[in-house]
Amino acid sequence: STHSPDGRFLDVKPILQVIDNVLRHLTPTIDHHALNGGQGHMDAIDDSSATMDSNGMLEALAFLVHKISCEISCKCSGGGDAHATTMVLLNTLSSYSWDAKVVLTLAAFAVNFGECWLVLQLCTTNSLAKSVALLKQLPDILEYSHTLKPHFDALHKLIKAMMEVTKCIVEFTELPSQYISSDVPPMSIAVAHIPTAAYWTIRSVVACAAQITSLVGMRYEFVTSTSEAWELSSLAHKVCSIHEHLQKILHLCHQHIDEKKQTEAYEGLKHSFGTPQLDNSKILLKIFSLSKEDPHSLLGPDKTKVHIEVLRRKHVLLLISDLDSTHEEIQVLESLYKYDRVASEVNYEIVWLPIVDRSAWNDSYQQKFLSLQSMMPWYTVNHPSIIEPAVVKYTREVWNFVKKPIVVTLDPLGKMTCPNALNMLWIWGNTAFPFTTDREASLWKAEAWTVELLVDGLEPNLSNWVRQEKVICLYGGEEMEWIESFTSATKNVAQFLGIGLEMVYVGKNNAKERVKKITGLINERQLSHAWQDANVWFFWKRLESMLFSKTQHGKTNEIDVIKQEVMTLLGYDGSEQGWAVFFSGTNMVRAKGDKVLNAIQSFEQWEDMARVSGFISAIRGHLEGIADEHHCTRLILPGISGGIAETVVCAECGRTMEMYFMYRCCDE
């Protein structure tokens with residue numbers, strides 16, 4: 001009923017800063033002076049900026065502040081009712097906003113009693129202050145210093161609570177109206193609670209003024225009474241509760257504003273990608289949350305800060321990952337970026353965009369980030385925190401990033417040309433430049449299912465073996481007994497037929513330690529060639545990439561030979577048996593563990609055919625004549641959003657496979 005604002009705006013923050021400087025030094029000064037024998041003490045206050053900002057404003061409000069000061073002094077000196085005094089002050093300030101009412105009342109309180117404590121501080125060193133202090137009987141306080149400590153403590157707590165509530169009310173007025181409306185929650189809840197908070201803050205001012213007036217008067221009954229201290233403590237508890245409630249609402253308001261800002265940023269990012277650009281600068285500024293005024297939050301290959309301009313009008317590959325990227329992935333990319341890129345004269349830059357959970361960030365994540373960053377010879381962000389939630393949302397919802405790393409390509413104008421070029425990089429390396437979806441499609445058109453596609457540069461002797469028309473056998477699995485039987489039997493057949501044979505052990509996907517042990521035994525017993533860890537990892541990574549790449553291009557494995565063969569090998573790897581695939585020129589045959597071993601061991605049954613039509617054709621014919629009584633094929637692939645079609649057929653029998661979800665944790 002007392003609130004009738006006239007719409008005037010009053011910037012209360014500079015005034016509040018001056019009040020804070022006064023009240024911050026008020027109760028500690030009393031306490032220090034009273035408990036240390038009255039030695040005057042003056043703290044240096046750096047309030048020059050606040051004084052400059054508030055001088056003109058306070059000059060205009062001086063009469064009103066003086067009027068409120070007189071009202072408080074008069075009512076408190078006469079022992080008036082606290083509620084009635086509070087209502088008088090609210091009526092006096094009826095035309096002001098709630099934040100202005102509270103700040104102006106606090107300003108009047110600070111003027112009245114700041115003067116009082118200033119005299120108290122100077123009375124031992126300044127004759128004028130000493131005379132004023134004698135007239136006010138301030139020195140009598142020293143006689144009761146220990147008795148008055150509960151009063152000082154209660155006063156200090158209440159003043160602190162009043163300031164916290166006031167700052168909170170002011171903070172509500174500063175919330176950006178374009179992101180939050182006072183008509184809807186949570187701001188509407190705050191609007192409903194602010195009048196109550198203002199009332200109890202002003203009433204607390206009145207209670208503090210009454211307490212200090214009584215201290216100045218130093219009546220004996222006051223000194224020995226604890227009721228006043230109890231009243232202040234009770235008020236402090238209530239005002240603190242109000243502050244806690246307002247803080248919760250303020251937190252909800254900030255959450256609401258952040259959500260609105262992130263939605264705006266997300267839509268802005270979508271709009272920028274959908275709008276033709278003159279170059280890629282605007283897009284990159286948005287992705288890395290940089291401003292034109294401070295575009296230096298990227299680190300260059302030498303880990304020094306660089307200007308975003310270094311990426312202007314270049315092909316940019318955004319490497320998007322969490323902090324679980326493997327050393328193998330970084331090493332292969334490093335080879336492509338540092339060496340092959342220069343040799344093949346292609347011009348692009350890689351920038352790491354780490355996606356992390358900000359709320360879970362700790363020292364362990366910081367160390368992982370720094371460790372990965374130190375390994376990367378390309379551009380990185382200074383810290384993952386600069387990646388805004390809107391950008392994280394865009395990577396997940398538009399570019400389908402989940403957990404496995406992806407590489408999004410941007411052309412020199414900032415246009416996204418491929419949502420994940422990492423498959424291209426694994427399969428063809430820099431030959432796939434400029435890493436567009438169209439380039440990927442054209443590369444597949446030129447490919448056939450050959451040992452060269454399957455092995456690429458992993459085996460340095462491959463081109464010689466092909467030129468010498470040798471039979472090339474790639475095999476995998478982790479059962480050592482089968483490996484020994486298979487390699488021995490196969491070499492015997494090749495020797496009997498007089499054909500050149502080379503065998504390479506390619507291990508098993510996601511079984512690093514077990515494969516390393518088997519590789520050691522194969523090399524020790526000279527059973528066949530065997531690759532090192534990095535080559536084994538890359539072999540299976542390329543196979544997975546081939547499948548994902550084919551699927552992204554809408555190929556179905558029923559009509560796509562390459563996709564069908566890739567899925568077959570991945571299915572073999574998912575089983576518990578070994579497997580083998582043989583190449584000779586354009587001919588190829590493959591089979592699982594016991595089946596291929598039994599065929600090799602039954603060589604006498606297809607020996608004649610082998611001498612006529614060759615090893616590959618003969619063993620294929622023999623395998624086709626063997627009916628499987630039972631098979632169980634499993635295709636295990638890493639979870640990548642949008643990576644695998646829902647319909648997958650079995651490589652053994654052609655029937656549609658059932659889909660299951662598998663959750664796996666393996667530290668190998």
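Author: Before we start, a definition: axes are lines fitted to C-alpha atoms, for helices over the stretch in contact, and angles run from 0 to 180 degrees between N-to-C directions. Please keep in mind that this is a predicted model.

Reader: Thanks! At what angle do helix H21 and helix H22 pack?
Author: Helix H21 covers residues 533-552 and helix H22 covers residues 561-574. Their axes lie 10 Å apart. The angle at which H21 and H22 pack is about 135°.

Reader: Which orientation class does that give H21 and H22?
Author: Angles over 145 degrees count as roughly antiparallel and those from 65 to 115 as roughly perpendicular, with under 35 reserved for roughly parallel. The angle of H21 and H22 is about 135°. H21 and H22 are therefore oblique to each other.

Reader: Is the crossing of H21 and H22 left-handed or right-handed, please?
Author: Happy to help with that one. Where H21 passes H22, the crossing is left-handed.

Reader: Which residues make that contact, and how many of them are nonpolar?
Author: H21 brings Trp540, Leu543, Glu544, Met546, Leu547, Lys550 and Thr551. From H22 come Ile562, Lys563, Val566, Met567, Leu569, Leu570 and Asp573. By class, the contact of H21 with H22 has four charged residues and one polar residue, and its nonpolar residues number nine.

Reader: Is Thr568 buried or exposed?
Author: Thr568 lies in helix H22. Its relative accessibility is 1%, and the cut-off for buried is under 20%. Thr568 therefore counts as buried.

Reader: How many Å separate a polar atom of the Thr568 side chain from the backbone oxygen of Gln564?
Author: This pair joins a side chain to a backbone: the Thr568 side chain gives the polar atom, and Gln564 gives its backbone oxygen. The two atoms lie apart by 2.8 Å.

Reader: Let's turn to H19 and H20. At roughly what angle do their axes cross?
Author: Helix H19 spans residues 480-497, and helix H20 spans 512-525. Their axes come within 11 Å. The crossing of H19 and H20 is right-handed, and its angle is roughly 35°.

Reader: Which residues make that contact, and how many are charged?
Author: Met480, Ile483 and Glu484 of H19 meet Ile518, Leu521, Ile522 and Arg525 of H20. Five residues of the contact of H19 with H20 are nonpolar and no residue is polar. The number of charged residues is two.

Reader: Backbone geometry next: what is omega for the peptide bond from Pro185 to Pro186?
Author: Pro186 is found in the loop between helix H7 (145-173) and helix H8 (187-217). The peptide bond from Pro185 to Pro186 is cis, with omega near 5°.

Reader: And what is omega for the bond that joins Phe433 and Pro434?
Author: Pro434 sits in the loop between helix H15 (422-428) and helix H16 (437-445). The bond that joins Phe433 and Pro434 is a cis peptide bond, and its omega is about 10°.

Reader: What phi does Glu469 have, and is it buried or exposed?
Author: Glu469 is in the loop between helix H18 (462-467) and strand E8 (471-476). Although not a glycine, Glu469 has a positive phi of about 60°. With a relative accessible area of 68%, Glu469 is exposed.

Reader: Finally, which residues is Ala190 in contact with, leaving aside its neighbours within four places in sequence?
Author: Ala190 is found in helix H8. At 0% relative accessibility, Ala190 counts as buried. Leaving aside those neighbours, its contacts are Phe172 and Ile249.

Note on methods: Residues numbered from 1 in each chain as written. Predicted model: local features only at pLDDT ≥ 70, side-chain atom pairs only at ≥ 80, totals over all residues. Heavy atoms only, no water. Helix = DSSP H or I, 4+ residues; strand = E, 2+ residues; numbered from the N terminus. Left-handed = near helix turned anticlockwise from the far one by under 90°. Contact = heavy atoms within 4.5 Å. Nonpolar A, V, L, I, M, F, W, Y, C, P; charged D, E, K, R; others polar. Buried < 20%, exposed > 50% of the residue type's maximum accessible area, 1.4 Å probe, protein only. Polar contact = N/O pair within 3.5 Å; in protein donor to acceptor, adjacent residues only side chain to side chain.
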